[in-house]
Amino acid sequence: MSLAELSPADLSALAEELTTSYAELKDAGLKLDLTRGKPSAEQLDLSNELLSLPGADRTTDGSGTDIRNYGGLEGLPEIRQIFADLLGIPVAQLIAADNSSLSVMHDSLAFALLHGRAGGTPWATRPHKILCPTPGYDRHFQLAEDLGFELISVDLSADGPDLETIKRLVAEDEAIKAIWVVPTYANPNGAVYSEAVTRELVSMPTAADDFTVLWDNAYAVHHLTDDELAPVDVLGLAAEAGNPDRVFVYASTSKITFAGAGVSFFGGSPATVAWYLKHLSKRTIGPDKTNHLRHALYLKDADGVRALMRRHRAIIAPKFDAVERILGDRLGSYGVATWTQPHGGYFVTLDVVENTATEVVRLAKEAGIALTPAGSSHPYGKDPQDRTIRIAPTFPPLDQVTAAIDGVATCVLLAAVTKLLR
Ligand code: PLP
């Protein structure tokens, strides 16, 4: 029976029961962490072969270039080809960089702010705003805020973004220069941007003629089901719509091989890639080609990546299943929360009773369960409804995920009942 339907006496009895369960939870002395979307040690171990590649006798790439030397700004052709195949992007339009796509996002935005986009006015010389589909990735929002963008929240449901609002805002406000998009299994609500939605984003009229879609395909190949979604041809659709330069594409192997020692990628129209390389050439003489080669040798081809991702899935899918099962068992009948059931990616979004998310996170913390701060999936870290909690189940072992989610469920219920009794 939902909480709202309980009689005052039943509600008080439940409150008492939950207070006891919570005290027991605290006494258990847990030390569990569901905060960051990191691969587990077991996942990292899948790629340990990388640690002995390319090997002492391998110092050149396929074309004979010495990987130990300077140069090769656009990255090794072999690794670019593998990800061009996976992302559905012509290899000439995809470059490989160092270990973090977040730093490529930083660079590309910094170049636009300082130099403008290919002949345009530097963004930093005028007010600049960015659309933030919410809930979203906290580091996207913090990066944009740090670079001086005004953050504008637009709703993102598990079915996709609020397109009508986006179209209205970009049509009327020239200061809106960009939108964050995590098109496949978005962080944190697992949303997938359909081809139809993508078509709208790349073709909608915008007041700014250099409006840019920041297409962060961080989870392009991170499927949790047999339905392995093919990538949307975002660059092709943008070109078809007459806006070939509208899109910056980002990706990385952070959650494919090693999160701290992978390869990142930047893609765009030929003009965009030339613009990026021009500014990049002032910042570096070239990326870590040794790492590119070791990745190319290890992954081999697009099918090699797909096979590796199925091994990741075998490790993490049971953790996502546990989250879904426990939340269903513990919270399903009370009507106090909803949660996403992602088909891929790294997160579950848990929406609790309004104005209790901060309290749930506090209760969990006191019981030794670390959750991402309430509000972190919102621009400026502020969730006006204080409702959304991001759960990252990949890093801890399965038994810890199970214990942590069970504890979180107790906290969600306790916070909801306490609010109702107030
Ligand atoms: N983009 C999204 C959507 C993410 O969720 C993350 C990490 O959680 C990143 C980018 C970080 O990527 P990288 O490790 O390549 O910097």
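Two residues count as being in contact here if their C-beta atoms, placed from the backbone, lie within 7 Å. On that basis this briefing on a predicted model takes up the surroundings of I82, the faces of helix 9 and an open sheet of 3 strands.

**I82 and its surroundings**
- I82, which lies in helix 3 (residues 77-87), is buried because 24 other C-beta atoms lie within 10 Å, where the cut-off for a buried residue is 20 or more.
- Once its neighbours within four places in sequence are left aside, I82 is in contact with A296, L299, D301, A302 and V305.
- Between I82 and D303 there are 8.8 Å in space, C-alpha to C-alpha, although the two are 221 residues apart in sequence.

**Helix 9**
- Helix 9 (residues 270-283) has 14 residues and reaches 20 Å from its first C-alpha to its last, close to the 20 Å expected at 1.5 Å a residue.
- T272, V273, W275, Y276 and L280 are the buried residues of helix 9, and they line one face of the helix, because seen down its axis they fall within an arc of 160 degrees.
- These buried residues pack against strand 2 (94-96), helix 4 (101-115), strand 8 (247-252) and strand 9 (264-267), whereas A274, S281 and K282, on the other side of helix 9, are exposed.

**The open sheet**
- The 3 strands of this open sheet follow the order 10-11-13 with antiparallel pairing, and strand 10 (337-339) and strand 13 (388-391) are the edge strands, each pairing on one side only.
- Strand 11 (residues 348-352) is joined to the antiparallel strand 13 by 4 bridges, and V348 stands opposite I391 in strand 13.
- Helix 12 (residues 357-366) packs on the sheet, where it touches strand 11 and strand 13, and its direction makes about 40 degrees with that of strand 13.

Note on methods. Residues numbered from 1 in each chain as written. Predicted model: local features only at pLDDT ≥ 70, side-chain atom pairs only at ≥ 80, totals over all residues. Helix = DSSP H or I, 4+ residues; strand = E, 2+ residues; numbered from the N terminus. Buried ≥ 20, exposed ≤ 12 C-beta atoms within 10 Å, placed from the backbone. Expected span 1.5 Å × (residues − 1). Arc of directions from axis to C-beta. Pairing = 2+ DSSP bridges. Axes fitted to C-alpha atoms, helices over the stretch in contact; angles between N-to-C directions.
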